[in-house]
Amino acid sequence: MKNLFDTFARSRRARRLVGFGGLLLVLPIVLWLPLGWLGLVPTMVAVFGVSGLRLPAGIVVAGLLIAAVGFWDYDRDSV
């Protein structure tokens, strides 16, 4: 199992795929925010309520963490 993870972690293509996947997770919410401010779509507060804003915020945080892991340069940090 360790060898499989090591192969995946060293694969630049696989890491970039994970990074772009994380960004694709964030993209709809990032686009929804200004569109809601402009009145083109319902605002997040109207859909989720003030206390429900934790859900889209959690999705954004998770997506950005996934992207950070995906775009981390594994080979350069080895000392």
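A residue is called buried here when its relative accessible area is under 20%, exposed when that value is over 50%, and partly exposed in between. With that cut-off in mind, begin with the whole chain of this predicted model, in which 20% of the 79 residues of the protein count as buried.

Colour the chain by secondary structure next, and you will find four helices and zero strands, which follow the pattern α-α-α-α when read along the sequence. If you then display contacts, consider those with a separation of 6 or more, of which 64% are accounted for by residues 24 or more positions apart.

Switch to a surface view, where the protein exposes about 6100 Å², with carbon and sulfur atoms supplying 73% of that area. On this surface, select Leu24, Leu27, Leu31, Leu35, Leu38, Leu40 and Val41, which form a nonpolar patch with about 670 Å² of accessible area together.

From the patch, centre the view on valine 41, which lies in the loop between α2 (12-37) and α3 (44-48). Valine 41 has a relative accessible area of 31% and is therefore partly exposed, since that class takes in values between the 20% and 50% limits.

Move on to helix α4, which spans residues 54-71, and select alanine 57 within that helix. Alanine 57 has a relative accessibility of 40%, so this residue also counts as partly exposed.

As a last stop, keep alanine 57 selected and add valine 26, which is 31 residues away along the chain; drawing a distance between the two C-alpha atoms should show a separation of 9.6 Å.

Notes:
Residues are numbered from 1 along each chain as its sequence is written. This is a predicted model: local features need pLDDT of at least 70, side-chain atom pairs count only at pLDDT 80 or more; totals for chains, interfaces and linings use all residues. Side-chain values use heavy atoms; hydrogens and water are left out. Helices (H or I, at least four residues) and strands (E, at least two) are DSSP runs, numbered from the N terminus. Buried means under 20% relative accessible area, exposed over 50%, partly exposed in between (1.4 Å probe, protein chains only). Contact means heavy atoms within 4.5 Å. Accessible areas come from the Shrake-Rupley method with a 1.4 Å probe; for residues, only the protein chains shown count as cover. Patches are made of residues with over 30% relative accessible area and no salt bridge: like charges are joined within 9 Å, nonpolar side chains (Val, Leu, Ile, Met, Phe, Trp, Tyr) within 5 Å. A salt bridge is a side-chain nitrogen of Lys or Arg within 4 Å of a carboxyl oxygen of Asp or Glu.
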